[in-house]
Amino acid sequence: MVRRGRVMTVLAASAMLLLAAAGSAAGDPINVPWSPDDALDSEVSFESDGITYYGSFRAPVGDTRGIALVLPGSGPTDRNGNSGDLQVNSTAYVADELSRRGIASLRFDKLGAGETGLGGLDPNDLPGFDAQVDTAAHALAFLQQRTGVGPDRTTVIGHSEGALTALRLADADSAAFSHIGLLEPLAIRYLDLLSAQVNRNIDQAVAVGQFTEEQAASSRDRFAQAVADIRAGRTLSAEPDPIVDGLGLRANARFLREADATDPADLAAALPSTYSSFLTCSDKDLNVSCGQVENVRVALSHTDLHFAHFANSSHTLGELGPLPADPNTALAPLPLSSEFRDAFGAWVDGL
C-alpha cells in the first residue's frame, strides 16, 4: 500500500487503493488471511514469465455451470483482495457468491503478496502493467485447462484496477471468454484518475489547514510535471515533494505508463457485442465516481449490459448502510454489500 510519511490521513485516503505498488511490493510477503468460506478452496499454482503464482480454486456448490477468473485491485494484493492492514476480503466474497451459483473460480496472490511474494525478483526492478495482463492470461488458461470449460462459459471479473486488467485481457488474442464483470472499475485513464484523487485530497488538506495555498500549488505543479514525464517516458524531473515521492511515482513509472496507455472506455467499446457485461458504481465509492464510470457504461451499451448503481456500497464492495463515506468507515472490515450481492447474483444466475 502507498505510504506518505508526513502527508496526513486526509491525503492518504483515496489514492491508497488505486496506485499499483511496484515499489511498495518490496515488503515481506503478506500471509493469506481468513476467507469468508474457504471450505471449497483448493490450493493451486501456475507459471507466468518464470514466476510461480499461488492461489485458490473455489469449487462450486453443486454442478459446474461455468468458471470465472477473479482479479483484485491495485497494489500487492492477495487472492482475497487484502493488502497489508486493509483486510476487506472483497474477492473472497465474490468467489463465495459465484460458488453458490454454480460457478467455479480462480483467484491468486499478485506479485508481492501472499504465497507468491516477489518470486525472486529484484524489488527495485519489477514488471509493469503489461506483465500483469500476461499473468492474468496465464491464470485464465490454467483455469480453463483445469476445468475443461470453454470460452462460452468463461467469465473474467475485475475489481478496481483489476477491471482494467480484465478489459486489456479481453483485447488480447491469447485469451478467450464471453462474460466480463467490472466492479467499481478504474473507468478513466489511470493517471487521470490518480490526478483527480490527488487534487481532491490536496483541496481537502488546504481546507483543514494541513497545507497552505502555496504548498498546495507547489504539490499540484510537481505532480502534474511527474504525470507529464511518465506519459512521455522521461525520467521524472520534479523536485522532491511529499506527494510525488510518497506515492512512489518514480519507482512505479513503468507500471503507470503502461497502465495509462489505454482508456478503459475505448477497451469497453471494442468488446464483442455478444459479451454479457456487468458494471457497478456507488455513490459512496471514494475512489471512482459514478460520473467517471458513465463513460464505460455508455461504451458497453452494445453488449448485453447489466448496470448496477449502488447507494451504500464502499469501493471494496462493503456494506456501509447509513455510515458516511469517509476513509475511516470505507476502509474498515465490512460485510459484503447487500446491493452488490443482489445485483451480482442476478447477473451470474443469468449466465
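Me: Which residues form one aromatic cluster with F278?
Reply: The model is a predicted one. Its aromatic cluster contains F278. The other members of this one cluster are F310, F340, F344 and W347.

Me: How many aromatic pairs does a search of the whole structure find, and what is the angle between the planes of F177 and Y275?
Reply: The whole structure holds 13 aromatic pairs. One of them joins F177 and Y275, whose centres are 5.6 Å apart. An angle over 60 degrees would count as edge-to-face and one under 30 degrees as stacked. The F177–Y275 pair is classed as tilted, its planes standing at 55°.

Me: How many residues apart are F177 and Y275, and in which loops do they lie?
Reply: F177 is in the loop between α4 (161-170) and β6 (179-183), and Y275 is in the loop between α9 (264-269) and β7 (276-282). Both residues are buried. The pair thus joins distant parts of the chain, with a separation of 98 residues.

Me: What is the angle between the planes of the aromatic pair F310 and F340?
Reply: The two ring centres are 6.4 Å apart, and the pair is edge-to-face. F310 belongs to strand β8 (residues 304-310) and F340 to helix α12 (residues 338-349), 30 residues apart. F310 and F340 are both buried. The angle between their planes is 85°.

Me: Over the ring of which residue does the charged end of R146 sit?
Reply: The contact is defined by the position of the charged end of R146 relative to a ring centre, here at 4.4 Å. The ring in question is that of F57.

Me: Why is strand β2 (residues 51-58) largely enclosed by the rest of the structure, and how many of its eight residues are buried?
Reply: Strand β2 pairs with β1 (residues 41-48) through eight antiparallel bridges. Another four bridges, also antiparallel, connect β2 to strand β4 (residues 103-108). The strand is largely enclosed because, of its eight residues, the number buried is six.

Me: Which residue in the turn of the β1 and β2 hairpin has a positive phi?
Reply: The hairpin of β1 and β2 has two residues between the strands. In the turn, a positive phi of about 50° belongs to D49.

Me: Which residue in β4 is the bridge partner of R58?
Reply: R58 of β2 is the bridge partner of D41. In β4, the bridge partner of R58 is S105.

Me: What is the N to O value of the salt bridge in which the side chains of D96 and R58 meet?
Reply: By the distance rule, the structure contains 19 salt bridges. One salt bridge is formed by the side chains of D96 and R58. D96 lies in helix α2 (residues 90-100) and R58 in strand β2, 38 residues apart, and both D96 and R58 are buried. The N to O value for the pair is 2.2 Å.

Me: Against which helices do the buried residues of α8 pack?
Reply: Helix α8 (residues 253-260) is largely enclosed because six of its eight residues are buried. These are A253, F255, L256, E258, A259 and D260. The buried residues of α8 pack against α3 (129-147), α4, α5 (190-207) and α6 (213-232).

Me: Which residue forms a salt bridge with R231, and is that residue buried or exposed?
Reply: The closest N and O atoms of the salt bridge between R231 and D260 are 2.7 Å apart. R231 is in helix α6 and D260 in helix α8, so the pair ties together parts that are 29 residues apart in sequence. R231 is partly exposed at 34% relative accessible area. At 2%, under the 20% limit, its partner counts as buried, and that partner is D260.

Me: Which residues of the largest nonpolar core touch the most other members?
Reply: The largest nonpolar core holds 72 residues. The ones that touch the most other members are L69, L169, L182, F223 and L249.

Me: How many residues are in the second, separate core?
Reply: Beyond its neighbours within four places in sequence, L69 is in contact with residues including L106, F108, A136, L140 and L169. The second core is separate and includes Y93, F278, F340 and F344. Its number of residues is 17.

Definitions and conventions
Residues are numbered from 1 along each chain as its sequence is written. This is a predicted model: local features need pLDDT of at least 70, side-chain atom pairs count only at pLDDT 80 or more; totals for chains, interfaces and linings use all residues. Side-chain values use heavy atoms; hydrogens and water are left out. Rings of Phe, Tyr and Trp (its six-membered ring) pair if their centres lie within 6.5 Å; planes under 30 degrees apart count as stacked, over 60 as edge-to-face and the rest as tilted. Buried means under 20% relative accessible area, exposed over 50%, partly exposed in between (1.4 Å probe, protein chains only). A charge sits over a ring if NZ of Lys or CZ of Arg is within 6 Å of the ring centre and within 35 degrees of the ring normal. Two strands pair if DSSP finds at least two bridges between them. Contact means heavy atoms within 4.5 Å. A nonpolar core is a set of buried Ala, Val, Leu, Ile, Met, Phe, Trp, Tyr and Cys residues joined through side-chain atoms within 4.5 Å. A salt bridge is a side-chain nitrogen of Lys or Arg within 4 Å of a carboxyl oxygen of Asp or Glu.
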